[in-house]
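Here are my notes on this one. Have a look at the model first, then go through the points below.

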Amino acid sequence: MRRLLDLFARPATRHPIRVLAGLLVVTVGLGWFASRVEMEVDLSAFADEGSETVAALDRVRSEFGVAENAIQVLVDAGPGGDVLAADGIRAVASLEHGVADLLGDRVRVDTDGTPAIRSLSRIVTASLDDRGVDLADASDEQTRAAITRLLEQEPQLARFTSFERDLDVPQARATLLLVEVASDLTEDEAVEAARDVQVWFADGGATTPGGDAYRVLVFSTGLLMEGLLAEIEREMPTLLALALLVVLGVLLLVLRSPTDVVVGLVGLVTIVLWTFGVIAILGPGYLGLRGQFSQIGIVVPVLLVGLGIDYLVHLTYRYREQRAAGDGPALAAHRSVHTVGAALVLATGATAVGFASSSTAPLDVLADVGIFTAAGVVCGFVVMLLLVPSVNTLRRRPSAASVRIGSRRASPRSPSERVFAVPVRLATRTPAAALVVGGLLAGAALIASTDLETTFDAGDFVPEDSDVGRIYATQHELFGGDLAETTYVIVDGDLGDPALVTALLASHRALTDVEDVRTIGDEAQARSIATLALAAARELTGDPDPDLAELVAGIDDLRPLYGQLRSSVGAAVVDELLSRDADAGVVQILTTAGTGSATERMRDDLVTVFDPVVSAGATITVVSEQLVVSEMADELRRFQGRSILVALGAVLVLLVGYYGVARRRPFLGLAALLPAAFSVSMLFGSMRVLGISFNPVTSTITAISLGIGVPYGIHLVNRFTEELARGSDPVAACRSSIERTGMALAGSALTTLGAFVVLSTSGLVPVRQLGTLGALSITFALLGALLLQPGALLSWARWRERRAARSRRP
């Protein structure tokens, strides 16, 4: 350890200017790499690419041509308005033609040669044309009658109407256009197409018969990601700047030295630049070992500001103490590194191990955040252990704060003695009682946290007060969230067999009994090749409820019928539901389950409902984006339990191993972990009280709690053993450790607390929650270090004294 610390202490105290110049050169180099960090904002990046559920969803998209980049144009008539009246349908039709003209060949073309724009207005126009009525001349009664007929034939058309509706009239507040972009467009080109539509409406390019009576919003997954990226790029520097201001403000109050504050600012900025340089080097642009910087990564620079300041505070307090004792600048700086440096090395190792334990996460973006933060902690150690002693060596006189530290020795009762009187009293008079009470509190918190939920809601990553957030919220308000939420049932079997298709239709009719399946009247909003065939039978026979089994009786193979359907309704429509060789099909079911236990329950119910299909010789697979999200939540839940054990175990092995080998006192490793263990336990209980669940961001809180709590424990343990080595009795050593190290711990806690308070102002719900939990973690860790750990150390020291006394007896 001494040799390692000499690598920092000697150059910093012998050649401080060279060291500072070297830091500047390295910072410029890594800063160049940092400027090339690319941020990726993609909610699908949270999915596990090796998952069978993800593979099944990909199959639905590729084999059955489900559109992934559809542009959604929401047309809202406002509260009490009606887009299903004749004027509303005409307005939507006008917008549809305008969008088609604007995008041109960027819209996918159907087999009939028309743009693939799905809307109620298009279907209503065709229905009116069949009856010799021109939409331009249609009355409200004719339009509503056409819509009623269409809804009877195709109930799933109700998806084009908002929740604020009355389909008996029919009338609805809002409707939408689904514009399917051409399949040969890249993701960037698809986003550009959606942006063009958005700008066209914003600039007043669209004119409708209703004029300003309708509000038009444009939404697509690409626009959502683009808007989210813009918000994060705006918010991250704002949060970082606020964190720096808050931390430096608190630092000024704690250290009372403008010079030290400037050193802290330079050090923190350097740490962030180094870290982002390392992120760029590890990323896909260079070594390719890690992924791109993601939306979760917004917490990394703020975490580094909070964690990095710990080095400055402890080195500065120890430097001042040595200066007050009469050491010169160089000697005081050298001794500060060799005294608290050992604790900083151990704290850096434990913190980095804690964050690096996230590398076992099932989600790459979560693993990357752990690796990036661990790298940042190491960067912080190197930067501060070179910068702070170098600057301190160049000082020619002790700071006023150092003089105050020296004068306190003559004071009958110093401020630190008054501040830490309660911890000292607890540790020296009732150590066992403090440990018992702390253990009971931690145990109660753990018991309360046994049923903490793990959730993932993509909407949480959309800033509430942003433009994209308001569009997202409007979409939820009018159409119940994801208006395209669809659950798919893949059917693998011979769909040319009439018996299988008849069984499929029977399962369709039972869908109305499944909770969270959208229904209109007594029909589920679902479609498959069976319902398509049934609709054709209705049109052919004029019977509103034909018996499909009776119609196909005597037919051995339905493939010729499917060929006729491709000619009559369009190949694109059939191909969305049936493979070309009819050995697989998909049932598209409009649902409202969302994510979590509801979608899992619905999946189980659907498996039961489609049992007749299985009995007819087919196999089924139920899949949806919501099921993928639920699977991700399950993976996070399993990871959370595993990460707690891995992180605590790895840090425990490190601490016990170090103190057992280097000091021959393995118990000190347990004592050093006590504040962090208490913090983690209390934090989980607080999550239950506050109603905060684990999600991709808050699941990192275990590593953060360890990163905060372990250094507190290490600093107190090292100071306690240092006092014992000087000949102090256990009580005096305990008192001195609390009074001297306690001030540095409190200062470090206050500055780190400021950084997490800034995070709690984020526009992203998970990041805001992380800020709250981080602030609580600091509080619990500090309480554990000052109220519980001294009692454990004092009890251990007294036990060693008794054992030594027994060994000296003859």
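1. Is the crossing of α15 and α28 left-handed or right-handed? The crossing is right-handed (the near helix is turned clockwise from the far one, by less than a right angle). Contact here (heavy atoms within 4.5 Å) is made by P423, V424, A427 and T428 of α15 with V731, C734, R735 and I738 of α28.

2. A word on the ground rules. This is a predicted model, with local features needing pLDDT of at least 70 and side-chain atom pairs counted only at pLDDT 80 or more, while totals for chains, interfaces and linings use all residues. Residues are numbered from 1 along each chain as its sequence is written, and side-chain values use heavy atoms, without hydrogens and water.

3. Back to the helix pair: the axes of α15 (residues 421–429) and α28 (residues 730–759) come within 10 Å and cross at roughly 155°. The two are therefore roughly antiparallel (angles over 145 degrees count as such).

4. Now the empty space. There are 6 cavities of 30 Å³ or more in the whole structure (a cavity is a set of points on a 1 Å grid where a 1.4 Å probe fits but cannot get out). The largest holds about 130 Å³. It is lined by 14 residues, of which L307, D310, T351, G707 and P711 are closest to its centre (lining residues have an atom within 4 Å of a point).

5. Helix α28 turns up here too: α10 (299–324), α11 (329–356), α27 (701–725) and α28 each supply at least two residues of the lining of the largest cavity.

Key
Axes are lines fitted to C-alpha atoms, for helices over the stretch in contact, and angles run from 0 to 180 degrees between N-to-C directions. Helices (H or I, at least four residues) and strands (E, at least two) are DSSP runs, numbered from the N terminus. Angles under 35 degrees count as roughly parallel, over 145 as roughly antiparallel, 65 to 115 as roughly perpendicular and the rest as oblique. On a 1 Å grid over the protein atoms alone, a cavity is a set of points where a 1.4 Å probe fits but cannot get out, and a pocket is an open set with protein on both sides within 12 Å along at least five of seven lines; lining residues have an atom within 4 Å of a point. Grid points are joined across faces, edges and corners, and a volume is the space filled by probe spheres set on the points.
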